[in-house]
Amino acid sequence: MTTPLIRIEHASKTFTLPDGGRFDAVRDVTLDVREGDIFGLIGKSGAGKSTLLRLFNLLERPDAGAVTVAGRELTALSKHDLRGARRNIGMIFQQFNLLQNATVFDNVAFPLRIHGGQGAEQVAVRVKQCLELVELAAKADSYPAQLSGGQKQRVAIARALASGPAVLLCDEPTSALDAETTRALLATLRDINRRLGVTIVIVSHELSVLAEICNRVAVIEDGAIAEEFALNQPAGHNAPRKTALGRELAAFNAASALAGAHQELSYA
Ligand SMILES: Nc1ncnc2c1ncn2[C@@H]1O[C@H](COP(=O)(O)OP(=O)(O)O)[C@@H](O)[C@H]1O
Ligand SMILES: [Mg+2]
């Protein structure tokens with residue numbers, strides 16, 4: 001067994017509410033993500049998926065537990081070292097979070113410029129590489145408002161990859177996109193995983209999205225992992241699922257595998 005690329009150990013996160021009450025958004029979560037995985041977190045709205053994902057790069061600091069990425073325990077790092085370690089972890093969001101008043105080029109250059117250490121020419125070379133990766137080199141001088149939703153999300157991916165991270169965190173990356181654009185974006189993510197070897201953790205409430213690209217998934221209920229399992233197992237290797245979502249996902253995955261096999265046959 002190789003060491004996992006990401007290890008979350010007994011992580012918990014409690015929010016204090018305006019009325020003084022407390023809400024346990026993440027409860028004692030332990031999970032491993034291996035290098036090269038496309039790991040899915042699925043659950044209903046409010047289950048705690050986004051909060052859990054934000055623990056992976058310490059956008060949200062757990063009240064208890066440890067987060068280790070690529071051999072560095074983030075929860076034990078100084079602010080300065082954490083800033084460096086975060087360059088190894090890119091993130092994209094449902095609403096893209098682009099700078100509206102900056103061009104596509106400047107959006108992708110932004111993380112490189114704030115980190116410093118690279119001259120304008122180096123930055124330009126890297127931005128061009130990243131935009132080519134998501135097939136948007138021709139849009140370098142456009143502004144976000146001039147792009148479609150799918151294009152905006154691809155700019156966000158280019159920006160997230162600019163510092164050459166080993167991990168890409170995706171929070172509902174396709175939830176603002178139509179079905180066809182979703183398929184294209186998932187193909188881009190799969191390509192980034194396969195060609196660049198970037199490990200992906202993807203949060204979604206959509207079965208079809210996770211069934212399409214994940215090799216492993218965890219079902220999140222009330223801030224805890226209800227079950228975790230591999231997808232695309234050979235027939236007969238699937239243990240019975242514990243949760244309704246797990247059963248639906250496994251069935252969806254089996255059905256799309258069949259459809260895929262059928263398609264391959266009819267194209268042969
Ligand atoms: N900063 C916060 N303060 C208080 N409650 C929060 C905060 N962030 C999230 N929550 C609560 O934690 C729960 C889980 O939220 P979230 O992680 O966004 O769920 P999901 O992404 O699965 O929809 C929700 O009930 C939400 O209201
Ligand atoms: Mg969410």
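The following legends describe four close-up views of a predicted model.

**View 1. The two domains of the protein chain and the contact between them.** Domain 1 is made of two stretches of the chain, residues 1-88 and 167-230, whereas domain 2 covers residues 97-164. The C-alpha centres of the two domains are 23 Å apart. Where the domains touch, 9 residues of domain 1 are in contact with 9 residues of domain 2. On the side of domain 1, helix H6 (residues 179-196) contributes the largest share, with 4 residues. This side of domain 1 comprises 6 nonpolar, 2 polar and 1 charged residues.

**View 2. The packing of helix H3 against helix H4.** Helix H3 spans residues 104-115 and helix H4 spans residues 120-133. Their axes lie 9 Å apart and form an angle of about 120°. Because of this angle, H3 is described as oblique to H4. The crossing of H3 past H4 is right-handed. From H3, the residues that make the contact are Val104, Phe105, Val108, Ala109, Leu112 and Arg113. From H4, Val123, Arg126, Val127, Cys130 and Leu131 take part. Sorted by class, the contact of H3 with H4 contains 9 nonpolar and 2 charged residues, and no polar ones.

**View 3. The packing of helix H3 against helix H5.** Helix H5 comprises residues 149-161. The axes of H3 and H5 come within 7 Å of each other and cross at roughly 30°. Angles under 35 degrees count as roughly parallel, and therefore H3 is roughly parallel to H5. Here, too, H3 makes a right-handed crossing, in this case past H5. On the H3 side, Val104, Asn107, Val108, Phe110 and Pro111 form the contact. Their partners in H5 are Val155, Ala158 and Arg159. The contact of H3 with H5 consists of 6 nonpolar residues, 1 polar residue and 1 charged residue. Val104 and Val108 of H3 appear in the contact with H4 and also in the contact with H5.

**View 4. The residues surrounding ligand 1.** The shell around ligand 1 includes Phe15, Leu17, Phe23 and Ala25. Also part of the surroundings of ligand 1 are Gly43, Ser45, Gly46, Ala47, Gly48, Lys49, Ser50 and Thr51. Strand S2 (22-33) and helix H1 (49-55) each provide at least two residues of this shell. The largest share, 3 residues, is supplied by H1. By class, the shell around ligand 1 is composed of 5 nonpolar, 6 polar and 1 charged residues.

Notes:
Residues are numbered from 1 along each chain as its sequence is written. Chains are lettered from A and ligands numbered from 1 in the order in which they are written. This is a predicted model: local features need pLDDT of at least 70, side-chain atom pairs count only at pLDDT 80 or more; totals for chains, interfaces and linings use all residues. Domain bounds come from an automatic or database domain assignment. Two residues are in contact if their C-beta atoms, placed from the backbone, lie within 7 Å. Ala, Val, Leu, Ile, Met, Phe, Trp, Tyr, Cys and Pro count as nonpolar, Asp, Glu, Lys and Arg as charged, and the others, Gly among them, as polar. Axes are lines fitted to C-alpha atoms, for helices over the stretch in contact, and angles run from 0 to 180 degrees between N-to-C directions. Angles under 35 degrees count as roughly parallel, over 145 as roughly antiparallel, 65 to 115 as roughly perpendicular and the rest as oblique. A crossing is left-handed if the near helix is turned anticlockwise from the far one by less than a right angle, and right-handed if clockwise. A residue is near a molecule or strand if its C-beta atom, placed from the backbone, lies within 6 Å of it.
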